[in-house]
Amino acid sequence: MLTRRGILLASLAAGVTMPNRNALAKASQPATPVNFDVPAGACDCHTHIHGDPEKFPFFAGRVYTPEPASPEEMSALHRALHVERVVIVTPSVYGTDNAATLFGIRARGATARGVAVIDDKTPEADLDAMGHAGIRGIRLNLATGGVNDPGVGRPRFQAAVERVKARGWHVQLFTSLAMITAIKDLVASSPVPVVFDHFGGAQAELGTGQPGFSDLLDLVKSGKAHVKISGAYRASKLAPDYPDAAPLAQALIAANPDRIVWGTDWPHPDSSTQPGRKPTDLAPLYQIDDGRLFNQLPLWAPDAAIRKTILVDNPARLYGF
């Protein structure tokens, strides 16, 4: 873990403005013990690494600046949760630079896979190298930064499919239900697996009848889309147990348990727009109790066999463990 002085120096080098805080928080660790039997080979399918900004500089066009989160901290999280495998996803703050994600995969070894961010300038040789390093998909972020125009989303999705269809990779989307409705036909005909982040962008307080959720359910039921039941705190405002997220999770699992994966979204970056906070200001990580949140899974999926499907079998197939 970087010292505060080291972070200050690195932040200055990376153009990061430190907020007026007494101390830099560490990424959250579980405060609540896991209260159910976690099956061997369980996978956390959505995490991020935020490296030393001197070694892994942030993208100049980012909309927020997260606090550091190291592979060692991630390993401590997973030891506490009894989770063996992990998928590391390149966050928007790095643009198309996947170095921090690849660093995290190397640190974790054979139990890690990754999801990269690319653009049309990314050469095929780089994709080859990333595939050898453990990358199994590419992520389209149509949420952070407010990309919500189907006229943008549709061609970006189609271009992503074209880049990965010969590789056996998948396309992961961080987006909204409205965008899912707008691209439903493309997802239904996609030759590659499609994975939606964080409940597909559904808002828990609006329930299962909210516009677009039925389209998401249709895609899951038909087997054409996977959904991460991850980051419940993004869908719900009812901390710390987020009970109104349960109907969303239960509906998705009931639609097709073979297309559901679980993730923490550790280290819980805050990508929201805050009054007076510039993109270069350090955005404190959310302090989420991942043990308590993981303990919601048996409420969402009471059957241990279905939990094994979600935690072990689906990730093994999707990410090639």
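Colleague: What follows helix α2, and what is the sign of its phi?

Modeller: In general, most residues other than glycine have a negative phi, and most peptide bonds are trans. In this predicted model, the residue after α2 is His-82, and its phi is positive, near 60°.

Colleague: Which other residues that are not glycine have a positive phi, and where do they lie?

Modeller: His-198 has a positive phi of about 45°, and its place is the loop between β7 and α7. Asp-265, with phi near 70°, belongs to the loop between β9 and β10.

Colleague: Are His-198 and Asp-265 buried or exposed?

Modeller: A residue is called buried when its relative accessible area is under 20%. His-198 has a value of 4% and is therefore buried. Asp-265 is also buried, at 0% relative accessibility.

Colleague: Which peptide bonds are cis?

Modeller: The general expectation is that most peptide bonds are trans. Here, the bond joining Ala-239 and Pro-240 is cis, with omega about 0°; Pro-240 sits in the loop between α8 and α9. The bond from Trp-266 to Pro-267 is also cis, with omega near 10°, and Pro-267 is in the loop between β9 and β10. Asp-265 belongs to the loop between β9 and β10 as well.

Colleague: Let us return to α2. Which of its residues are buried, and which are exposed?

Modeller: The buried residues of α2 (71–81) are Pro-71, Glu-73, Met-74, Leu-77, His-78 and Leu-81. They lie on the same side of α2, because they cover an arc of only 160° around the axis. Glu-72 and Arg-79 are exposed on the other side of the helix.

Colleague: What do the buried residues of α2 pack against?

Modeller: Their partners are β1, β3, α3 (99–108), β9 and α10 (290–294).

Colleague: How should the sheet be read, and in what order do its strands stand?

Modeller: Strands of a sheet pair through backbone hydrogen bonds, either parallel or antiparallel. In this structure, eight strands form an open sheet with parallel pairing, in the order β1-β3-β4-β5-β6-β7-β8-β9. The edges are β1 (43–47) and β9 (260–263), each of which pairs on one side only. From one strand to the next, the twist averages 25°. Helix α12 (304–319) lies across β1, β3, β4, β5, β6, β7, β8 and β9, and runs at about 105° to β9.

Colleague: How is β5 joined to β4 and to β6?

Modeller: β4 and β5 run parallel and are joined by three bridges, with Val-115 opposite Gly-137 of β5. Together with helix α4 (124–133), these two strands make a right-handed β-α-β unit. Towards β6, five bridges join the parallel pair: Arg-139 stands opposite Gln-172, and Asn-141 has Phe-174 as its bridge partner. Strand β5 is mostly covered, with six of its seven residues buried.

Colleague: Where is Lys-224, and what does it contact?

Modeller: Lys-224 is in the loop between α7 and β8. With a relative accessible area of 28%, Lys-224 is partly exposed. Apart from neighbours within four places in sequence, Lys-224 is in contact with Val-187, Ala-188, Ser-190, Val-194 and Leu-219. A polar atom of the Lys-224 side chain lies 3.3 Å from the backbone oxygen of Ser-190.

Colleague: How far apart are Lys-224 and Glu-72 in sequence and in space?

Modeller: They are 152 residues apart in sequence and 35 Å apart in space, C-alpha to C-alpha.

Technical notes:
Residues numbered from 1 in each chain as written. Predicted model: local features only at pLDDT ≥ 70, side-chain atom pairs only at ≥ 80, totals over all residues. Heavy atoms only, no water. Pairing = 2+ DSSP bridges. Helix = DSSP H or I, 4+ residues; strand = E, 2+ residues; numbered from the N terminus. Axes fitted to C-alpha atoms, helices over the stretch in contact; angles between N-to-C directions. Contact = heavy atoms within 4.5 Å. Buried < 20%, exposed > 50% of the residue type's maximum accessible area, 1.4 Å probe, protein only. Right-handed = clockwise from strand over helix to strand, strands pointing away. Polar contact = N/O pair within 3.5 Å; in protein donor to acceptor, adjacent residues only side chain to side chain. Arc of directions from axis to C-beta.
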